[in-house]
Amino acid sequence: MKTKIMGLLAACLLIGGGAWGQVVPSQEAACAAQQAGKPDQIEVSFPESVHAAPITGRVFVVLARRPDPDPREQIGSWTQRTPYFGEDVSQLKPGEAAVVNAATLGFPFKSLCGVAAGDYYVEALMNIYTEFHRADGHIIWAHMDQWEGQQFNESPGNLYSDVQKVHIDPQAGFDVKLTLTHVIPPVKEPADTPQVKYIKIQSELLTRFWGCPFYIGATVLLPRGYESHPNVRYPVIYIQDHFNLHPPFYFSTTPDSRDAGFSAYLAAVGVTHWLNGYEFQKAWNSADFPRMIAVTFQHPTPYFDDSYAVNSANNGPYGDALLKELVPYLEQHFRMSRKPYARVLTGGSTGGWESLALQLFHPDFFGGTWTFYPDPIDFRRYQLVNIYKDDNAFLVPGFEPPVPERPLERTTEGQVTFTNREMSLMEEVLGTHGRSGQQLEAWEAVYGPIGDDGYPKPLWNKLTGEIDHSVADYMREHGYDLRYYLQENWPSIGPKLMGKIHIFVGDMDNYYLNLAVYQMENFLKNTKDPYYAGSFTYGRPMKGHGWTPMDNAQLVRAMARYIVKHAPTGENTEEWHYK
């Protein structure tokens, strides 16, 4: 690990320093026990020996049917339906109890009243918040990432209890007491290897915005022969992804038993081109492979595991931090080409949106993007919602009651597996004021304005689905709707983007992201003066989120051919093909 400290500012104040039974037929009857004086509650406290100072944060209680993995590890994703309930706490002192009861919001059951009677493995978890005094004058509380990527149930310093097996019966009443006696340990950051280097630097720009030290980082994969060819400067692939500390392209010098499971998942969503990290390593280090440097960024925020690599009102100047601080640092410490044609981008999903946004916003800095299944790039198709015209994110417009629910996720055969309403409820339970660390609120933090309370202003009400069109308009007018941004700026940036945009998506993307890609293609294929001269590639039939028409080694070779083709006259591109 290489660390560069760019100055010291005052430290932030870190306070504290399935199968289911039948649902209870009547929630009113279940809650009657509490109204009749029988307790229906779970109390959560922590001792001074574990955390001496008061805590501001959010406490969770998890009710799991199975003990393995730990209940706290069974929550935090919409793919998991283990019930949990959350309450904000403010300056909770050691020995004091936070109370979770029938009034506490939960997921997937809104209330403890909806939980079926039975035996549960119960665990409590405390997500600790930090007080930020931002440069824009707002004072907010949010979770400071500890280099775990905003995974609250894995974040170092957070507290959790022992697991208790408890009989829960909302009709009969229950009174459970849990004590937070454990602290999640620090992340074990990986060590450098001959080819993989880990960088972490303090950002002056983000530190100034947030009022306390903030860090960004990168993982760098070097080509074979890097040390033995000291005069070569290499083209660079900038890979955009969610926060992780894996080497680029999951490069690995040893086989990983987890690859089999991941391959099975990819096959389920229609991905037939997959090269695991060990196989990629063999290709990367083979005699005939192009010699390049690959880089992944690490840039978690207090709202998500990733900043989307742009400046924003809520997250701060992450775009500037990455391009004006991190990239210059990398180019100073590694022999990277500093010529735009030799800087290329790729990424999928969140990284897909980022790779396209970086290319569009910095057309003179990057030489081309290979963008895969991107998050919405046209907000008329914000998944299935048209945020400019629809009034409600949960309900399909144009229907008389009963109105169909709006899906958020589907299988590649079209079976709906999750809805906007369910996702919104989950996010509200995970964190109020946009602090869930999940996808919908991540977009609001990146694209949207600051609310009067200093937190991201919601695009829609998480409990009713009502859309705030002033937020939608802000997102469009500030350039985050990438199709609209291109439309408005094509005369000036189009000439700089010719041939640089290559987008790939499956026709049955699990999150409906193909719909916005179709809208982007409709615009770009009709461009003139100049014509965009890029490409769109669709996976058919039934290709889901994660589909690509090539494996990672083939992708690198394609980008290398593109770079050589667009190299200026006289450039010695043969030095990137040494044996």
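In this predicted model, the buried residues of helix α6 are Thr350, Gly351, Gly352, Trp353, Glu354, Ser355, Leu356, Ala357, Leu358, Gln359 and Leu360. The helix is thus named almost from end to end: α6 runs over residues 350-361, and eleven of its twelve residues are buried, leaving it mostly covered. From its first C-alpha to its last, α6 reaches 16 Å, close to the 16 Å expected at 1.5 Å a residue.

One of the elements that α6 meets is helix α10, which spans residues 482-497. The axes of the two helices come within 10 Å and cross at roughly 50°. An angle counts as oblique when it is neither under 35 degrees, nor over 145, nor from 65 to 115, and α6 and α10 are therefore oblique to each other. On the α6 side, the residues that take part are Trp353, Leu356, Ala357, Gln359, Leu360 and Phe361. They meet Leu482, Tyr485, Leu486, Ile493 and Leu497 in α10.

The next topic is the nonpolar interior. The largest nonpolar core has 138 residues, and those with the most contacts inside it are Val295, Leu330, Tyr382 and Tyr447. Helix α5, residues 318-333, gives the most to this core, with eight residues. A second core, separate from this one, has 28 residues, among them Tyr120, Val122, Met126 and Phe174.

Tyr382 can be followed further. Not counting residues up to four places away in sequence, Tyr382 touches Pro376, Ile387, Trp443, Tyr447, Leu459, Trp460 and Met475. One of these partners, Tyr447, is also among the residues with the most contacts inside the largest core.

Another residue to locate is Leu430, which lies in helix α7, residues 420-430. Its relative accessible area is 2%; this is under the 20% cut-off, so Leu430 is buried. Leaving aside neighbours within four places in sequence, Leu430 is in contact with Arg58, Phe60, Gly76, Tyr84, Phe152, Arg435, Ser436 and Gln438. Leu430 and Val327 are 103 residues apart in sequence, and their C-alpha atoms are 34 Å apart in space.

Last comes the confidence of the prediction. The protein averages a pLDDT of 92, and 91% of the residues score at least 70. Over residues 1-27, however, the pLDDT is below 50. This stretch has 76 contacts in the model beyond near neighbours in sequence. Where pLDDT is low, the predicted coordinates should not be read in detail.

Note on methods
Residues are numbered from 1 along each chain as its sequence is written. This is a predicted model: local features need pLDDT of at least 70, side-chain atom pairs count only at pLDDT 80 or more; totals for chains, interfaces and linings use all residues. Side-chain values use heavy atoms; hydrogens and water are left out. A nonpolar core is a set of buried Ala, Val, Leu, Ile, Met, Phe, Trp, Tyr and Cys residues joined through side-chain atoms within 4.5 Å. Buried means under 20% relative accessible area, exposed over 50%, partly exposed in between (1.4 Å probe, protein chains only). Helices (H or I, at least four residues) and strands (E, at least two) are DSSP runs, numbered from the N terminus. Contact means heavy atoms within 4.5 Å. The expected span of a helix is 1.5 Å times one less than its number of residues. pLDDT is the predictor's confidence in each residue, from 0 to 100. Axes are lines fitted to C-alpha atoms, for helices over the stretch in contact, and angles run from 0 to 180 degrees between N-to-C directions.
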